[in-house]
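Visitor: Please take me in for a close look at a single part, the aromatic rings. Start with one pair, then work outward.

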Amino acid sequence: MAGEAVTILINDTAADQYSELIRERFPYVRVLIARDASSLHEYMTDADVLLSSRFPVHLFDRARRLRWFQCSNAGVDSVLPIGDRIKGITVTNARGIHGEIISDFVIAGVTIMHWNFLQFFREQARREWRPRDVAPLAERTLGVVGLGSIGSAIARRGKSIGMRVIGSRRDVSQPVAGVDKLFSPNDLAELLQLSDFVVLAVPQVPATTSLIGRKQLQLMRRTAFLVNIARGSVIVERELIDELQAGTIAGALLDVFEREPLPPDNPLWTMPNVIVTPHVAGYPSDYTRRVFEIFGENLQRFLQMQPLRNVVDLDRGY
């Protein structure tokens, strides 16, 4: 494929950085930047390749030349509404750059909740000296719901600090490094009952929408904590709030929400057993450069008509 015949359309907050990196390595390709809705509408008809954090599904009919969509995120839920129509376009994601940083986030959060550092912070503010004993994390069980690239990285990290690790995935025929026991999605209830910390690391697909609600939370131990680094839609948020207030589980670390930014009047902001973070778990420093390592290799493959890395199975949604 002649490089000069390829047009790359970038629609991303880091578009200028991506454009510069592309021009340095591939000076013979044409690069367009869609800075607003109008230019995205205009340029969509010219694009052979789209690099973006989301697919503009409302413009799908204008994407007549599009052959490849490189998502700058791991999740490609933006294409799901047209999953049955987009089969002629190769979809790839940024899988592989999030696992370690999200594992850092999860283990830090697990430690904070296990030691109840939130209570220490409140006691420090009141100048109160209140010693207490805490069991080693190695005596606790980490349950990872979804053992894809991110979930598997979390499982390995949990095992490295001595925790018993259990997890769920569709294919339980092959072992996963660091996982002591595998469960199928149909056995989620048992995983919830056995875990001291439940980490949600599933993709956003129809099967995972409202995966965790009142019924599932009531299966968990009253001393257990919930960690969500997946998508807000995976949890029925109102039911989680109710069960947290009722003491059904001990607490939660939430990085994703049904509405983002989290509305100021949402009760989660002020609950003493909840840690709220602004959807940051999967964003390491130099994010653009890390994505470009994947995109640059894929673009070289695309120009040479070779198979691409990180191709998404659109039937599964990941």
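**A pair of rings, and what lies beyond**

Guide: Start with Phe55 and Phe60: both are buried (under 20% relative accessible area; exposed is over 50%, partly exposed in between, with a 1.4 Å probe and protein chains only). This is a predicted model, so local features need pLDDT of at least 70 and side-chain atom pairs pLDDT 80 or more, while totals for chains, interfaces and linings use all residues. Residues are numbered from 1 along each chain as its sequence is written, and side-chain values use heavy atoms, without hydrogens and water.

Phe55 and Phe60 form an aromatic pair (rings of Phe, Tyr or the six-membered ring of Trp, centres within 6.5 Å). Their centres lie 6.4 Å apart, and their planes meet at 50 degrees. That makes the pair tilted, because under 30 degrees counts as stacked and over 60 as edge-to-face. The structure holds 11 aromatic pairs.

Now look at another group of rings. Ring pairs link Trp68, Phe292, Phe295 and Phe302 into a cluster. Follow Trp68 to a neighbour, Asn298. Asn298 touches Trp68, Gln70, Thr92, Leu308 and Arg309, leaving aside residues up to four places away in sequence (contact: heavy atoms within 4.5 Å). Asn298 sits in helix α9, residues 287-303 (helices are DSSP runs of H or I, at least four residues; strands are runs of E, at least two; numbering starts at the N terminus). Is Asn298 buried or exposed? Its relative accessibility is 0%, so Asn298 counts as buried.

Move past the end of α9. Met305 lies in the segment after α9. Its phi is positive, about 60 degrees, although Met305 is not a glycine. Most residues other than glycine have a negative phi, and most peptide bonds are trans. Met305 has 63% relative accessibility and therefore counts as exposed.

Ser210 also goes against the usual sign. Its phi is about 55 degrees, and it is not a glycine either. Ser210 is in the loop between β9 (197-200) and α7. With a relative accessible area of 41%, Ser210 is partly exposed.

Next comes helix α8, residues 237-246. Its buried residues are Glu237, Leu240, Ile241, Glu243 and Leu244. The cover over them includes α7 (214-217), β10 (225-228), β11 (251-254) and β12 (274-276). Just after α8, Gly247 takes a positive phi of about 80 degrees. In the loop between β11 and β12 you will find Pro261. The peptide bond from Glu260 to Pro261 is cis, with omega near -5 degrees.

Now step back to the whole chain. It has 9 helices and 12 strands. Its radius of gyration, taken over C-alpha atoms, is 22 Å. The globule rule (2.2 Å times the number of residues to the power 0.38) gives 20 Å for 318 residues, which is close, so the chain is as compact as a globular protein of that length. Along the principal axes, the C-alpha atoms fill a box of roughly 70 × 45 × 30 Å.

Buried residues make up 50% of the 318. Of the contacts with a separation of 6 or more, 59% join residues 24 or more positions apart.

Finally, the charges. There are 37 positive side chains (Lys and Arg) and 36 negative ones (Asp and Glu); His and the chain ends are not counted. The centres of the two sets lie 2 Å apart, with charges placed at NZ of Lys, CZ of Arg, CG of Asp and CD of Glu.
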